[in-house]
Amino acid sequence: MAPKEKATDTASTKVAEALAEAIHEHRIAPGTKLNEDEVGEVYGVSRTVIRAALQQLAHQRLVELKRNRGAFVARPTVKEAREVFEARALLEPTMTRHAAERMTEADLAVLQSHIDAEHAALAAGQTGKALQLSGQFHVEVARIADQDTIEEIIAQLVARSSLIIALYWQRRAALCESNAHHALIKALANKDGALAEELMKNHLLDLLTSLDLREQTSAPQSLSEALKV
């Protein structure tokens with residue numbers, strides 16, 4: 001790869017990561033148009049870099065590329081919202097049982113750090129960041145289970161869940177309640193796979209029931225303002 005191409009790839013990856021963070025933290029609402037010129041001005045990069053970044057996000061299903069219209073933050077439908085949580089309910093409980101069997105002290109420390117960071121974000125009024133950390137807690141459990149294919153699928157489902165929660169949550173409990181995660185950590189620490197599986201199943205059900213699965217509309221906002229950190 002030529003140096004110029006490598007530099008473009010590096011820059012586009014950084015922009016994609018920054019945009020993904022803004023999406024997960026709900027600073028950019030689902031359905032928002034990502035104007036190439038405006039995003040490029042915010043990050044100080046060319047349209048070529050922005051296009052490559054948006055392609056990466058489209059592959060992650062965080063962005064939708066619409067012919068002759070441009071790029072938009074993905075906007076999951078009610079049908080997809082139900083399907084995503086149904087898929088998580090099928091995969092994550094069993095995966096959590098496997099994680100309990102493989103749990104180490106180092107793994108427990110990582111999970112606890114996620115909970116601590118989530119609490120700090122909530123205390124600072126950073127609800128979107130807390131939601132992102134909460135979702136990553138679930139991805140970490142999948143990593144601990146040491147099932148690469150399932151981990152990749154769950155990471156994608158968690159990403160979609162973040163958008164779904166941005167659209168459809170109706171109460172603060174859409175945040176992963178600290179008690180649920182604390183109970184999970186305790187079961188994982190005790191290598192109690194059966195309890196960990198049951199707790200995850202109930203936790204995902206609680207998340208689903210916290211959502212108001214009716215079509216919603218997002219308030220318009222300034223993209224440049226939303227991307228400022």
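Begin by selecting helix α4, residues 78–102, together with helix α7, residues 148–168, and look at how they pack at an angle of about 140°, with their axes 9 Å apart. Keep in mind, as you look, that this is a predicted model. Angles over 145 degrees would count as roughly antiparallel, and α4 and α7 are therefore described as oblique to each other. If you turn the view so that one helix lies in front of the other, you can follow how α4 passes α7 in a left-handed crossing.

Next, show the side chains where the two helices meet. On α4, select Val-78, Glu-80, Ala-81, Val-84, Phe-85, Ala-87, Arg-88, Leu-91, Glu-92 and Met-95, and on α7 select Ile-150, Ile-153, Ile-154, Leu-157, Val-158, Arg-160, Ser-161, Ile-164 and Tyr-168, since these residues make the contact. Colouring them by character is a useful step here, for the residues of this contact divide into 14 nonpolar, 1 polar and 4 charged.

Now release the selection and show the whole protein chain, in which there are 10 helices and 2 strands. Following the chain from the N terminus on, you meet the elements in the order α-α-α-β-β-α-α-α-α-α-α-α.

Then colour the residues by how buried they are: of the 229 residues in the protein chain, buried residues make up 42%. Switching to a surface view, you will see a protein chain that exposes about 11,800 Å², with carbon and sulfur atoms supplying 50% of that area.

Finally, consider the contacts in the protein chain with a separation of 6 or more, of which 78% are accounted for by residues 24 or more positions apart.

Definitions and conventions
Residues are numbered from 1 along each chain as its sequence is written. This is a predicted model: local features need pLDDT of at least 70, side-chain atom pairs count only at pLDDT 80 or more; totals for chains, interfaces and linings use all residues. Side-chain values use heavy atoms; hydrogens and water are left out. Axes are lines fitted to C-alpha atoms, for helices over the stretch in contact, and angles run from 0 to 180 degrees between N-to-C directions. Helices (H or I, at least four residues) and strands (E, at least two) are DSSP runs, numbered from the N terminus. Angles under 35 degrees count as roughly parallel, over 145 as roughly antiparallel, 65 to 115 as roughly perpendicular and the rest as oblique. A crossing is left-handed if the near helix is turned anticlockwise from the far one by less than a right angle, and right-handed if clockwise. Contact means heavy atoms within 4.5 Å. Ala, Val, Leu, Ile, Met, Phe, Trp, Tyr, Cys and Pro count as nonpolar, Asp, Glu, Lys and Arg as charged, and the others, Gly among them, as polar. Buried means under 20% relative accessible area, exposed over 50%, partly exposed in between (1.4 Å probe, protein chains only). Accessible areas come from the Shrake-Rupley method with a 1.4 Å probe; for residues, only the protein chains shown count as cover.
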